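Subject: A structure for you to explore

Hi there,

Here is the structure I promised to pass on. Have it open beside you while you read, and turn it around as you go.

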Amino acid sequence: MPKIAEQARAARRDQIIAAALACFARAGYHATTMADVAASKGTPYLYFESKEALFIALLEEWDCGLADRVNAAIAGLPEAGRRSPRQVLHAVAAAVAGHVLEETETCRVLMEARALAAHEPAIAAAVRNADTRAHQQLEGLFAAGIEAGEWPAGTDPALAARLFTAGLYGLMAQWHLAPGSFSWQTAAAALAEGLTAVPQSAAFVLDGDGRPSPSPPRSP
């Protein structure tokens with residue numbers, strides 16, 4: 001396929017995703033039809049075989065510049081800040097706050113995707129994949145911070161990563177229920193600062209009646 005044709009097809013695909021974003025944000029996943037998307041930007045079936053495929057494509061590209069915003073925020077730190085995992089985490093939180101404020105429709109669809117994941121296996125897989133990538137990056141950041149002495153040695157990087165992302169999604173949910181009810185920048189900064197000590201998570205085993213009980217400590 002000629003390069004110009006490829007570029008035109010990619011541009012058309014992006015236009016359809018943008019039209020779908022507006023439809024999903026306005027009416028939600030179940031109420032939106034491919035006909036609704038076609039009315040805004042025709043022929044979605046030439047690019048996506050189903051509404052679910054279109055929604056997943058939107059989910060996979062949900063950041064709409066978030067990665068660039070995060071990278072720019074980190075690059076804007078002084079050299080000492082870029083070497084500090086804790087300051088990098090604050091830059092990430094600030095970048096997410098700015099993104100939510102500017103990309104409200106996208107984030108609203110992201111939140112619905114997490115709810116749909118309970119009943120839609122394909123969407124659930126896409127959400128898990130996105131979470132895995134985010135958690136791996138954050139775990140690496142927390143691990144580096146522990147090594148640098150910026151978080152206590154007993155901090156669990158995996159748990160800290162989950163708490164950070166869960167906190168961000170919780171703030172998103174509250175924001176979309178009551179826009180403007182709190183300062184996103186202040187809340188995101190407080191979330192980043194609050195992860196000063198996340199202890200190693202205790203291992204659990206099932207006892208005789210099937211209830212989880214703490215496992216005995218390991219021998220040194």
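Trp184 is a good place to begin. Setting aside its neighbours within four places in sequence, Trp184 is in contact with Val96, Ala97, Val100, Leu101, Leu168, Leu171, Met172 and Trp175. This is a predicted model, so please keep that in mind throughout. Trp184 is found in helix H10, which covers residues 184-194. Is Trp184 buried or exposed? Its relative accessible area is 1%, and under 20% counts as buried, so Trp184 is buried. One of its partners, Met172, lies 12 residues away in sequence, and the two C-alpha atoms are 8.9 Å apart in space.

Trp184 also belongs to a bigger group. The largest nonpolar core has 57 residues, and Leu54, Phe164, Met172 and Trp184 touch the most other members. Which helix gives the most to this core? That is helix H6 (residues 85-102), with nine residues. As a general point, nonpolar side chains in soluble globular proteins tend to be buried together.

Now step back to the whole chain. The protein chain has 10 helices and two strands. Starting from the N terminus, the order of elements is α-α-α-α-α-α-α-α-α-α-β-β. Of the 220 residues in the protein chain, 36% are buried. If you take the contacts between residues at least 6 apart in sequence, 64% of them join residues at least 24 apart.

Next, have a look at two helices, H7 and H8. Helix H7 runs over residues 104-116, and at 1.5 Å a residue its 13 residues should span 18 Å; the end C-alpha atoms are 18 Å apart, so the two values agree. You can do the same check on H8: its 27 residues should span 39 Å, and its end C-alpha atoms are 38 Å apart, which agrees.

How do H7 and H8 (residues 121-147) meet? Their axes come within 8 Å and cross at roughly 115 degrees, and the crossing is left-handed. Ala113, Arg114 and Leu116 in H7 meet Ile123, Val127 and Asp131 in H8. The residues of this contact divide into four nonpolar, no polar and two charged.

Some of these residues are buried as well. In H7, the buried residues include Ala113 and Leu116, while in H8 they include Ile123, Val127 and Asp131. The buried residues of H8 are covered by several elements, among them helix H3 (51-60), H6, H7 and helix H9 (157-177). After H8 comes Gly149, with a positive phi near 85 degrees.

The loop between H7 and H8 deserves a look too, as Glu120 is placed there. Leaving out neighbours within four places in sequence, Glu120 is in contact with His30 and Glu52. Glu120 and Glu52 are 68 residues apart in sequence, but their C-alpha atoms are 9.1 Å apart in space.

Finally, try Gln15 in helix H1 (residues 3-27). Its relative accessibility is 36%, so Gln15 counts as partly exposed. From Gln15 to Ser40 is 25 residues in sequence and 9.6 Å in space, C-alpha to C-alpha.

Enjoy exploring, and write back with any questions!

Best wishes

How values were computed: Residues numbered from 1 in each chain as written. Predicted model: local features only at pLDDT ≥ 70, side-chain atom pairs only at ≥ 80, totals over all residues. Heavy atoms only, no water. Helix = DSSP H or I, 4+ residues; strand = E, 2+ residues; numbered from the N terminus. Expected span 1.5 Å × (residues − 1). Buried < 20%, exposed > 50% of the residue type's maximum accessible area, 1.4 Å probe, protein only. Axes fitted to C-alpha atoms, helices over the stretch in contact; angles between N-to-C directions. Left-handed = near helix turned anticlockwise from the far one by under 90°. Contact = heavy atoms within 4.5 Å. Nonpolar A, V, L, I, M, F, W, Y, C, P; charged D, E, K, R; others polar. Core = buried A, V, L, I, M, F, W, Y, C linked by side-chain atoms within 4.5 Å.
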